[in-house]
Amino acid sequence: SSGINAEWPLRPGKCRGREGKTVVVVGTITDDKRVFDIPQGLKVCALRLSEGARSRIVKNGGSIITFEQLAVEAPLGQNTIIMQGRRTRREANRHFGAPGLPKTHAKPFVRLRSRNHEMARGKRKSRGYKA
């Protein structure tokens, strides 16, 4: 699971009707210096938190609970919002597409990034594509 910076769990607090709910993250919450105001009394449940994110949430009157504590408080997931990180942030997603084709930014699977690798691309169909 990918990490989530501290700005993501704050988004549910901006929406009406979501105040007082527990933000659940199956992953890591990291600190984000670009976010200035953290809502008061933010309740967070996550696998891991960075020290910066933990201190900022607690300093603003928020609380951090574990999944065991969440299972006791809300066994059916009442008043919780489950957040997840960007699925397209995987390294494998960088390789999707056809590298070498014009106007594509797909990352090729090569040993080194130099002039002599991926020979004859654009010349023959068997070498990626033919221009």
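Is Asp31 buried, partly exposed or exposed? Select Asp31 in this predicted model. Its relative accessible area is 22%, and 20% is the limit for buried, so Asp31 counts as partly exposed.

**Stop 1: Asp31 and its partner**

Keep Asp31 selected and add Arg56. The two form a salt bridge, with the closest N and O atoms 3.0 Å apart. Arg56 sits in helix 2, while Asp31 belongs to the loop between strand 2 and strand 3, so the bridge ties together parts that are 25 residues apart in sequence. Arg56 has a relative accessible area of 16% and is buried, whereas Asp31 is partly exposed. Now add Lys33 to the selection: Asp31, Lys33 and Arg56 are linked in a network of salt bridges.

**Stop 2: other charged pairs**

Side chains of opposite charge can pair when their charged atoms come close. The whole structure holds five salt bridges. Select Asp32 and Arg34 to see one of them, at 2.9 Å from N to O. Asp32 is buried, with a relative accessible area of 6%; Arg34, with 63%, is exposed.

Next, select Lys107 and Glu91. Their side chains also meet in a salt bridge, at 2.9 Å from N to O. Both residues lie in the segment after strand 5, so the pair ties together parts that are 16 residues apart in sequence. Lys107 is partly exposed at 38% relative accessibility, and Glu91 is partly exposed at 42%.

**Stop 3: strand 2 and its neighbours**

Select strand 2, residues 22-30. How many of its nine residues are buried? Seven are, and the strand is mostly covered. In a regular strand the side chains alternate between the two faces of the sheet.

Show strand 3 (43-49) beside it. Strand 2 and strand 3 run parallel and are joined by six bridges. To find one residue pair, pick Val25, whose bridge partner in strand 3 is Ala46. Then show strand 5 (80-83). Strand 2 pairs with strand 5 in the parallel sense as well, over four bridges. Here, pick Val23 and look for Ile81, its bridge partner in strand 5.

**Stop 4: Thr22**

Stay in strand 2 and select Thr22. Its relative accessible area is 7%, under the 20% limit, so Thr22 is buried. Which residues surround Thr22, leaving aside neighbours within four places in sequence? Thr22 is in contact with Lys43, Cys45, Ile65, Leu70, Asn79, Thr80 and Ile81.

**Stop 5: the nonpolar cores**

Select Val23, Val25, Ile29, Ile38, Leu42, Val44, Ala46, Leu49, Ala53, Ile57, Ile81 and Met83. These 12 residues make up the largest nonpolar core. Strand 2, strand 3, helix 2 (51-59) and strand 5 each supply at least two residues of this core. The bridge partners Val25 and Ala46 are both among its members, as are Val23 and Ile81, which pair between strand 2 and strand 5.

Pick Ile57 from this core. Not counting residues up to four places away in sequence, Ile57 touches Ile38, Leu42, Val44, Leu49, Gly62, Ser63 and Ile64. Of these contacts, Ile38, Leu42, Val44 and Leu49 belong to the core too.

To finish, select Val24, Cys45, Leu70 and Ala74, which are among the five residues of a second, separate core. Cys45 and Leu70 have already appeared in the tour, as contacts of Thr22.

Key:
Residues are numbered from 1 along each chain as its sequence is written. This is a predicted model: local features need pLDDT of at least 70, side-chain atom pairs count only at pLDDT 80 or more; totals for chains, interfaces and linings use all residues. Side-chain values use heavy atoms; hydrogens and water are left out. A nonpolar core is a set of buried Ala, Val, Leu, Ile, Met, Phe, Trp, Tyr and Cys residues joined through side-chain atoms within 4.5 Å. Buried means under 20% relative accessible area, exposed over 50%, partly exposed in between (1.4 Å probe, protein chains only). Contact means heavy atoms within 4.5 Å. A salt bridge is a side-chain nitrogen of Lys or Arg within 4 Å of a carboxyl oxygen of Asp or Glu. Two strands pair if DSSP finds at least two bridges between them.
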